[in-house]
Amino acid sequence: MKAHRITLLAACAMAASLSLAQTPAKLKIGLMLPYTGTYAALGIAIENGFRLQIAEQGGKLAGREIEFVKVDDESDPSKATDNVNKLVKRDNVDVLVGSVHSGVAMAMAKVAKDTGTLLIVPNAGADIVTGAMCAPNIFRSSFSNWQPAYAMGEVALKKGAKKAVTITHKYAAGDESVKGFREAFEKGGGQIVKDLSLPFPGVEFQALLTEIASLKPDVVYTFFAGGAAVKFVKDYSAAGLKKSIPLYGAGFLTDGTLDAQGADADGLFTTLHYADSLGTPRDNAFRLAYAKTYKMQPDVYAVQGYDAAQILAIGAAAVKGDLSKKAEFASAVEKAKIDSPRGPFMLSKAHNPVQDIYLRQVTGKENKLVSIAIKGLADPARGCKM
Ligand code: BEZ
């Protein structure tokens with residue numbers, strides 16, 4: 001009787017360990033995005049795009065079910081280090097995905113670098129993340145702040161502008177965007193007569209708009225996104241400036257914002273790595289799937305979230321779900337051509353997309369493709385030693 005019980009116990013233990021062996025642990029993804037504040041809609045679109053790609057992979061990556069651990073980072077850099085440390089040290093996530101705000105992403109990159117945790121940045125353009133902070137375990141599915149801005153500097157020159165005023169939120173993304181614009185614009189003989197800014201996430205634009213009116217530049221270059229972009233475009237128009245001084249921007253100015261901006265955005269030119277009317281079979285399929293799933297149109301943030309999940313899927317497949325194999329993960333991603341709705345792209349040595357930057361113009365509710373402003377633009381990755 002006793003021997004029988006022992007055999008039974010042993011059989012149960014074996015069955016349990018077999019079933020454990022057959023069911024790999026869930027893959028834990030730390031999603032650190034803004035779900036409140038001026039960039040809330042951007043965070044939601046990124047998560048939507050990310051989940052859509054995971055669903056297209058059958059809900060699993062390399063046979064592992066997915067568990068999301070979500071944090072609302074509030075686009076607040078002062079809380080970012082604590083937030084990301086909790087994901088890494090308390091929740092033991094396998095990979096970090098985030099964020100939107102450059103200041104938050106820099107804190108995430110520091111922790112990722114120090115701990116060796118995989119990080120995929122699905123928006124924040126901080127040049128340093130794929131510049132001086134570049135690392136084998138850090139990847140970006142979006143852009144560097146330099147990329148769309150540099151392209152717009154060239155576009156402004158081609159349109160005949162000689163004197164520009166810039167206006168942005170005063171933080172890394174705005175500063176770097178203006179710097180990228182300046183680099184191209186001054187190289188071609190343009191002059192920036194004044195840089196204007198206000199603290200993030202302020203939207204008291206009135207005094208700055210009055211200053212623009214008195215400076216009378218040929219064009220205004222701007223970086224604003226999310227809720228602030230909506231208000232800026234509306235205020236610029238209400239101040240009567242839209243009729244007299246062309247407003248150019250990095251494409252975040254009019255992406256995901258057109259419903260709220262209405263006619264005030266009509267006709268605006270921007271540069272970005274996505275447009276609403278690419279018309280490729282790949283983009284059409286993505287847009288249809290996104291609209292069916294979420295009952296809304298995708299924007300650049302949704303594309304970047306979708307592509308962050310594609311990068312993760314490629315790396316995870318290469319290491320058969322064992323994300324501790326960082327070098328093999330990186331090597332697979334480095335060789336991959338990402339089949340993005342924006343058009344196929346590869347990552348640079350510094351792990352930033354090398355991609356076409358489109359010139360778009362707002363027509364009704366769309367950022368319509370005008371032309372390719374710069375083909376296959378690679379960020380200079382200044383300071384990256386990898
Ligand atoms: C940034 O902070 O890097 C950023 C935020 C919103 C849109 C684009 C860039």
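In this predicted model, a backbone N or O atom of Val100 is placed 3.4 Å from an oxygen atom of the ligand. Given that a pair of N or O atoms counts as a polar contact within 3.5 Å, the Val100 pair meets that limit. Ser102 contributes through its side chain, where an N or O atom lies 2.6 Å from a ligand oxygen atom. Gly125, by contrast, offers a polar backbone atom, at 2.9 Å from an oxygen atom of the ligand. The enclosure of the ligand is complete by area: on its own the ligand has 260 Å² of accessible area, and the protein covers 100% of it.

The wider surroundings of the ligand comprise 16 residues, of which Val100, Ser102, Gly125, Tyr171 and Ala173 come nearest. In composition, this shell holds 11 nonpolar and five polar residues, and no charged ones. The space that the ligand takes is the largest cavity.

The position of the ligand can also be described in terms of the domains. The protein chain is divided into domain 1, which is made of residues 27-143 and 277-354, and domain 2, which spans residues 146-272. Taken over C-alpha atoms, the centres of domain 1 and domain 2 are 27 Å apart. Their contact involves 18 residues from domain 1 and 18 residues from domain 2. Both domains also take part in the shell around the ligand, each supplying at least three residues. Val100, Ser102 and Gly125 fall within the 27-143 segment of domain 1, whereas Tyr171 and Ala173 fall within domain 2.

Note on methods: Residues numbered from 1 in each chain as written. Predicted model: local features only at pLDDT ≥ 70, side-chain atom pairs only at ≥ 80, totals over all residues. Heavy atoms only, no water. Near = heavy atom within 4 Å. Polar contact = N/O pair within 3.5 Å; in protein donor to acceptor, adjacent residues only side chain to side chain. Areas by Shrake-Rupley, 256 points an atom, 1.4 Å probe, with all protein chains shown as cover. 1 Å grid on protein atoms, 1.4 Å probe; cavity = no way out; pocket = protein on both sides within 12 Å on 5 of 7 lines; lining within 4 Å. Sits in = over half its atoms within 2 Å of the grid points. Nonpolar A, V, L, I, M, F, W, Y, C, P; charged D, E, K, R; others polar. Domains from an automatic or database assignment. Contact = heavy atoms within 4.5 Å.
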